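Q: I would like to go through the side-chain contacts of a model, starting with charges and moving on to rings. Can you take me through how to read them?

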Amino acid sequence: MTRKCEKPDADVGEVVESFLSDKSIEYADSTIYSYRSRLGHFVEFCQKNNINSLEQLEPADIDQYKSWRFDDHALETVKTQMDSLRMLLEWCEKRGYVQEG
């Protein structure tokens with residue numbers, strides 16, 4: 001059974017865990033582990049920047065996150081992390097946690 005956030009202003013970490021729980025039905029444990037690791041950096045970024053819910057997230061925050069990851073990571077690493085974030089945000093759009101676009 002998957003865990004689902006009950007409110008759109010749910011904590012970013014809670015939303016990530018709901019996403020991972022949902023995806024655990026489709027993907028191997030090793031894949032979920034990789035997603036958890038990659039998205040953990042996004043949760044850390046949100047905490048450091050006082051972004052408590054995805055409702056507060058602005059496009060400029062995504063740009064800032066990407067730039068922050070480039071500070072000490074190679075292009076391919078950042079690309080993979082951004083792909084994971086894109087998957088999370090698309091999942092959130094479908095469930096109404098964030099607005100489309």
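Q: Which residue forms a salt bridge with Glu17?

A: Side chains of opposite charge can pair when their charged atoms come close. In this predicted model, Glu17 pairs with Arg36, and the closest N and O atoms are 2.8 Å apart. The two residues belong to distant parts of the chain: Glu17 is in helix H1 (residues 12-23) and Arg36 in helix H2 (residues 29-48), 19 residues apart.

Q: Is Glu17 buried or exposed?

A: Neither label applies: Glu17 has 29% relative accessibility, so it counts as partly exposed. Its partner Arg36 is also partly exposed, with a relative accessible area of 38%.

Q: How many salt bridges does the structure hold?

A: There are six salt bridges. Among them is the one between Lys79 and Asp83, with the closest N and O atoms 3.1 Å apart. Lys79 and Asp83 both lie in helix H4 (residues 75-95), four residues apart, which is about one turn of the helix. Lys79 is partly exposed at 43% relative accessibility, and Asp83 is partly exposed at 29%.

Q: Where do Glu90 and Arg86 lie?

A: Both are in helix H4, again four residues apart, about one turn of the helix. Their side chains meet in a salt bridge with an N to O distance of 3.4 Å. Glu90 counts as partly exposed at 36% relative accessibility, and Arg86 counts as partly exposed at 41%.

Q: Now the rings. How many aromatic pairs are there?

A: Aromatic pairs are read from the distance between ring centres and the angle between planes. The count comes to seven. One of them joins Tyr27 and Tyr35, a tilted pair with 6.0 Å centre to centre and 55° between the planes. Tyr27 is partly exposed at 29% relative accessibility, whereas Tyr35 is buried at 8%. Another pair, Phe42 and Tyr65, is edge-to-face, with 5.4 Å centre to centre and 85° between the planes. Phe42 lies in helix H2 and Tyr65 in helix H3 (residues 59-70), so this pair ties together parts that are 23 residues apart in sequence. Phe42 and Tyr65 are both buried.

Q: Which residues form one aromatic cluster?

A: The cluster consists of Phe19, Tyr27, Tyr35 and Trp91.

Q: Which charged end sits over the ring of Tyr35?

A: That of Arg38, at 5.4 Å from the ring centre. A further case is Arg69, whose charged end sits over the ring of Trp68, 4.8 Å from its centre.

Definitions and conventions: Residues are numbered from 1 along each chain as its sequence is written. This is a predicted model: local features need pLDDT of at least 70, side-chain atom pairs count only at pLDDT 80 or more; totals for chains, interfaces and linings use all residues. Side-chain values use heavy atoms; hydrogens and water are left out. A salt bridge is a side-chain nitrogen of Lys or Arg within 4 Å of a carboxyl oxygen of Asp or Glu. Buried means under 20% relative accessible area, exposed over 50%, partly exposed in between (1.4 Å probe, protein chains only). Rings of Phe, Tyr and Trp (its six-membered ring) pair if their centres lie within 6.5 Å; planes under 30 degrees apart count as stacked, over 60 as edge-to-face and the rest as tilted. A charge sits over a ring if NZ of Lys or CZ of Arg is within 6 Å of the ring centre and within 35 degrees of the ring normal.
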